[in-house]
Amino acid sequence: AVSSMGNSTSRLYSVLAKTLSSGAVSQHQDCLEQLDSARLDPLDPKDLLEECQIVLQKRPPRFQRNFVNLKKNTASNHRPIRVMQWNILAQALGEGKDNFVQCPMEALKWEERKCLILEEILAYKPDILCLQEVDHYFDTFEPLLSRLGYQCTFFPKPWSPCLDVERNNGPDGCAMFFLKERFELINSANIRLTAMKLKTNQVAIAQTLKCHETGRLFCIAVTHLKARTGWERFRSAQGCDLLQNLKNITQGAKIPLIVCGDFNAEPTEEVYREFSNSSLNLNSAYKLLSPDGQSEPPYTTWKIRPSGECRHTLDYIWYSQHALNVNSALGLLTEEQIGPNRLPSFNYPSDHLSLVCDFSFNQDPDRLL
């Protein structure tokens with residue numbers, strides 16, 4: 001049974017309800033104005049989690065995932081920095097274009113799916129959150145996460161496929177959120193990626209942050225590269241453009257770097273090799289879960305479309321291996337947990353799994369590359 005809600009939770013519920021009754025892009029400003037006064041009050045994450053659980057009480061419980069300790073006896077004198085990477089599945093695409101043939105439409109209802117997404121974020125409490133396919137930024141994620149203490153940035157795709165869907169909620173794009181109590185924003189760049197010198201429909205956000213606890217600078221970036229088979233060279237060109245931008249921002253890797261993204265590319269693709277072999281000295285954090293530390297997970301997305309079953313590794317968290325250590329990484333869902341109908345489902349809100357890593361700075365900031 002659900003207990004009766006107290007005053008603070010009732011106020012929260014009214015805010016949550018406002019975020020549920022979202023409109024099209026033309027109504028975003030109205031939504032922001034409605035929530036302006038509410039946003040001034042901090043939210044207790046426990047209250048928001050309780051509200052989400054009330055909405056989700058008829059759904060099965062969240063899957064249990066455990067963190068794998070990867071620390072190699074290296075002492076750290078600061079709290080780890082938890083980074084979460086997740087393609088959350090744009091609502092317009094999930095309902096209108098992606099054709100998840102084994103997923104009931106009922107499981108894709110925004111009122112509940114939104115709470116599943118929030119529940120996942122609240123469960124892992126990231127210091128930095130990097131999302132792709134965000135088409136409910138203005139009416140949901142920015143109003144709620146800003147009240148949880150995050151500074152929020154959104155960069156939509158210039159020609160989002162969401163806009164082709166009837167009753168859409170505006171364009172999808174990349175979003176980045178960081179806790180203001182832990183970091184200070186030094187510099188922010190919205191990057192429209194190019195390929196063969198042509199501007200493309202894919203974007204990235206790169207922000208240089210200063211860690212309050214250590215005084216150290218680092219750069220965090222989020223991106224979402226072009227999808228589909230046949231676009232491998234295009235993705236490669238986008239990756240080269242992003243790397244060049246990041247080289248400039250990090251002064252040639254003097255500033256440590258973390259890059260989160262849905263690269264839409266298996267580890268066999270050229271764009272993966274470009275990141276692996278870059279002068280920025282990047283490694284993929286989730287390789288460290290493999291026995292030899294050299295293999296990516298078997299999948300980060302698993303879905304069934306009319307063309308058949310799609311199981312791929314497309315999502316990555318890259319990091320400067322000379323300057324950062326990966327303390328731990330969140331294990332992936334097992335095939336048994338995912339189930340025969342794959343993702344998304346009543347249990348899980350997206351066709352991509354969230355990736356979460358805890359990072360610490362190398363104790364020798366002057367170490368040579």
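This briefing describes helix packing, open and closed spaces, an aromatic pair and two backbone features in one protein structure. The model is predicted, and every value below was computed from it. Helix H5 (residues 110-124) takes part in a packing with helix H3 (residues 45-55) and in another with helix H6 (residues 137-147). The structure also holds two cavities of 30 Å³ or more, and the space in its largest pocket is about 840 Å³.

**Helix H3 against helix H5**

- The axes of H3 and H5 come within 9 Å and cross at roughly 140 degrees, and the crossing in which H3 passes H5 is left-handed.
- On the H3 side the contact is made by Pro 45, Leu 48, Leu 49, Cys 52, Gln 53 and Val 55, which meet Glu 111, Glu 112, Cys 115, Leu 118, Glu 119 and Leu 122 in H5.
- Sorted by class, the residues in this contact of H3 with H5 are eight nonpolar, one polar and three charged.

**Helix H5 against helix H6**

- H5 and H6 pack with their axes 12 Å apart and at an angle of about 30 degrees, and their crossing is right-handed.
- From H5, the residues Trp 110, Lys 114, Ile 117, Leu 118 and Ile 121 meet Thr 140, Phe 141 and Leu 144 in H6.
- The contact of H5 with H6 has six nonpolar residues, one polar residue and one charged residue.
- Leu 118 appears in the contact of H5 with H3, and Leu 118 appears again in the contact of H5 with H6.

**The largest pocket**

- The largest pocket, with about 840 Å³ of space, is lined by 36 residues, of which Lys 226, Ala 227, Arg 228, Asn 264 and Arg 305 are the closest to its centre.
- Two or more residues of this lining come from each of strand E7 (198-211), helix H7 (232-249), strand E11 (301-305) and strand E12 (308-312), and E7 gives the most, with four residues.
- By class, the lining of the largest pocket divides into 15 charged, 11 nonpolar and 10 polar residues.

**The largest cavity**

- The largest cavity has a volume of about 60 Å³, and its lining divides into six nonpolar, one polar and four charged residues.
- The residues that line this cavity are Arg 62, Phe 63, Arg 65, Leu 116, Glu 119, Glu 120, Tyr 124, Leu 333, Asn 347, Tyr 348 and Pro 349.
- Glu 119 is thus named in the lining of the largest cavity and also in the contact of H5 with H3.

**Aromatic pairs**

- The structure holds 19 aromatic pairs; in the pair of Trp 86 and Tyr 348, the ring centres are 5.9 Å apart and the planes stand at 50 degrees, so this pair counts as tilted.
- This pair links distant parts of the chain, 262 residues apart, with Trp 86 in strand E2 (residues 81-87) and Tyr 348 in the loop between helix H9 (335-338) and strand E15 (355-361).
- Tyr 348 is also one of the residues that line the largest cavity.

**Backbone features in loops**

- Leu 343 and Pro 344 are joined by a cis peptide bond, with omega about -10 degrees, and Pro 344 lies in the loop between H9 and E15.
- That loop between H9 and E15 is also where Tyr 348 of the aromatic pair is found.
- Ala 253 is not a glycine, although its phi is positive at about 80 degrees, and Ala 253 is placed in the loop between H7 and strand E9 (257-262).

Terms used:
Residues numbered from 1 in each chain as written. Predicted model: local features only at pLDDT ≥ 70, side-chain atom pairs only at ≥ 80, totals over all residues. Heavy atoms only, no water. Axes fitted to C-alpha atoms, helices over the stretch in contact; angles between N-to-C directions. Left-handed = near helix turned anticlockwise from the far one by under 90°. Contact = heavy atoms within 4.5 Å. Nonpolar A, V, L, I, M, F, W, Y, C, P; charged D, E, K, R; others polar. 1 Å grid on protein atoms, 1.4 Å probe; cavity = no way out; pocket = protein on both sides within 12 Å on 5 of 7 lines; lining within 4 Å. Points joined across faces, edges and corners; volume = space filled by probe spheres on them. Phe/Tyr/Trp six-rings, centres within 6.5 Å; stacked < 30°, edge-to-face > 60°.
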